[in-house]
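This report describes a single protein model, moving from its cysteines and overall make-up to selected local features. The sequence and structure are shown below.

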Amino acid sequence: MQAQNSITTLFLSSGVPGLDEILAGGLTRDRLYLVEGEPGTGKTTLALQFLNEGARHGESVLYITLAETAVELRSVAESHGWTMEGIHIEEILPNEDVLDPQQQYTIFHPSEIELGTTTQRIVAAIDKYHPRRVVLDSLSELQLLAESPLRYRRQVLALKQYLTSRNCTTIFLDDRTALSTDLQVRSVAHAVLALEQVDQAYGAERRRLRVVKYRGIAFHGGAHDYKIVNGGLKVFPRLVAAATRASGERRQLSSGLPELDQLIGGGLEEGMSTLISGPPGTGKSTLAAQFVHAATERGEPCAMFLFEEARSNMLNRSSGLGMKLAQAMERGLLTIQQIDPAELTPGQFTYAVTQAVERGVRVVVIDSLNGYLNAVPDERFLSIYLHELLTYLGQRGVVSIVVGVQQGMIGSGMSTTIDASYIADNVIMLRYFEAQGEVRQAISVFKKRGSAHERTIRSFQIGHEGIRVGPVLQDFHGILTGVPTYDGPKTRQPG
């Protein structure tokens with residue numbers, strides 16, 4: 001949730017989904033803004049979205065280009081499905097005479113002539129179209145023509161005063177390709193937006209937006225992921241769980257299995273996160289699906305995010321166990337999103353989850369924690385992203401279930417990739433163990449903050465009739481290590 005500012009009538013929409021939220025309302029009218037970033041970060045696309053938003057509201061808008069041609073700009077617009085209708089384009093480009101040695105200046109330096117001519121053409125275009133929104137692309141050309149920092153700063157200040165006097169909301173683009181990069185325009189601009197592109201070791205590059213400054217506005221700070229998609233930039237505001245605090249009565253949600261409810265103390269409390277941990281194949285995803293099945297049977301909306309298993313496989317497997325997840329999807333009670341790890345950014349995933357919560361989802365399943373952590377291996381603070389997300393879900397009263405795969409099958413070699421106490425309020429542990437010539441499964445609750453729970457270890461089976469939580473395994477010792485010893489009578493144990 002963005003910070004609130006009092007005079008919202010003074011704001012213009014940027015036209016970029018998610019950006020107005022970060023800017024706490026939008027762009028203050030009649031001010032100068034700087035959008036900086038290296039080539040390929042999407043500055044031109046953002047600028048065209050800004051102008052298209054103005055044209056959509058019937059405003060006169062102007063794109064002044066010092067580098068790209070009108071044909072190139074229209075090609076960018078066509079790639080996003082825009083018509084450029086209502087957008088005036090003014091090309092201020094060197095003509096072909098610069099290629100003729102006889103036409104080159106000998107007494108004066110070229111910049112002394114060209115800077116003045118360029119400025120005159122910019123002013124003439126503004127006087128001609130009387131725009132309410134202006135984009136100047138790019139400042140690097142002006143900086144090269146000005147040569148000295150003093151001359152460059154004075155030129156930018158003069159343009160700022162002129163544009164403000166004409167009631168123009170202006171965006172200057174800076175591609176940082178000039179010979180020297182300084183902070184001249186940053187100090188002059190009312191707000192500065194920095195775009196960056198980070199190459200990943202594997203998969204698509206990651207793009208982030210940061211608001212460097214915004215005078216008088218309580219903007220949403222930090223780095224925010226964004227993507228360039230068909231239709232322009234789409235920004236995913238960084239999640240701040242502290243801004244979503246809410247209180248209310250918390251219910252217990254049943255798993256639909258009486259024995260399992262008894263083991264976990266009646267059910268999972270709303271607003272609590274649960275980690276289902278265990279080696280591969282112990283039934284973690286199936287157990288998570290059981291909670292979703294029970295919730296949809298009660299008419300409660302759910303969402304599942306799959307990093308590893310294909311959605312079709314999960315639906316077929318659940319159907320074979322008597323879980324009607326496909327029918328729940330048809331009824332609109334369940335959404336299942338299969339995540340492509342190579343294309344994922346933490347901000348994009350967080351946005352998808354928060355959008356599901358805004359639609360009223362009461363149970364969220366992330367399958368699996370390992371897939372999430374491996375999706376962006378270069379991200380140093382991925383566990384913090386997840387902790388912030390689970391905190392947000394808890395404050396919204398959502399039951400969140402995270403599946404965690406442990407390395408190793410049995411014995412002391414089993415380990416987890418993250419501290420469970422940091423991530424989850426509840427921890428349900430599934431284990432393999434060997435007994436009487438069989439590989440069996442056991443379930444236990446290691447931790448539960450919402451209520452009391454059984455300290456027992458019960459048998460756990462998955463069959464054609466679904467999940468079966470059996471009796472307490474009283475006659476075994478060492479089940480959690482996967483290498484138990486049998487202490488009871490020499491008879492076959494149930495389960």
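How many disulfides does the count come to in this predicted model? The count is zero, given that a disulfide requires a pair of cysteine sulfur atoms within 2.5 Å. Two cysteines can nevertheless be placed with respect to the surface. Cys 168 has a relative accessibility of 1% and is therefore buried, the limit being under 20%. Cys 302, at 2% relative accessibility, likewise falls below that limit and so counts as buried.

**Overall make-up**

The protein contains 15 helices and 24 strands. Its length is 495 residues, and 51% of them count as buried. The accessible surface amounts to about 22,700 Å², with carbon and sulfur atoms contributing 50% of that area. Among contacts with a separation of 6 or more, 70% are made by residues 24 or more positions apart.

**Confidence**

The average pLDDT is 85, and a score of at least 70 is reached by 83% of the residues. Two stretches with a pLDDT below 50 are set out here with their contacts in the model.

| Stretch | pLDDT | Contacts beyond near neighbours in sequence |
|---|---|---|
| Residues 96-100 | under 50 | two contacts, beyond four places in sequence |
| Residues 491-495 | below 50 | 16 contacts |

**Glu 36 and its surroundings**

Strand β3, spanning residues 32-36, includes Glu 36. Is the side of the chain at Glu 36 buried or exposed? With a relative accessible area of 5%, Glu 36 lies under the 20% limit and is therefore buried. The side chain of Glu 36 forms a polar contact of 2.3 Å with the side chain of Arg 186. Apart from neighbours within four places in sequence, Glu 36 touches Lys 43, Asp 174 and Arg 176, as well as Arg 186. The list of its contacts is completed by Val 192, Leu 193, Ala 194 and Leu 195.

**Helix α12**

Helix α12 comprises 13 residues, 346-358. At 1.5 Å a residue, its expected span is 18 Å, and because the end C-alpha atoms are 18 Å apart, the model agrees with that expectation. Which residues of α12 are buried? They are Pro 346, Gly 347, Phe 349, Thr 350, Ala 352, Val 353, Thr 354, Ala 356 and Val 357. After α12 comes Gly 360, which has a positive phi, near 100°.

Definitions and conventions
Residues numbered from 1 in each chain as written. Predicted model: local features only at pLDDT ≥ 70, side-chain atom pairs only at ≥ 80, totals over all residues. Heavy atoms only, no water. Helix = DSSP H or I, 4+ residues; strand = E, 2+ residues; numbered from the N terminus. Expected span 1.5 Å × (residues − 1). Buried < 20%, exposed > 50% of the residue type's maximum accessible area, 1.4 Å probe, protein only. Polar contact = N/O pair within 3.5 Å; in protein donor to acceptor, adjacent residues only side chain to side chain. Contact = heavy atoms within 4.5 Å. Areas by Shrake-Rupley, 256 points an atom, 1.4 Å probe, with all protein chains shown as cover. pLDDT = per-residue confidence, 0-100.
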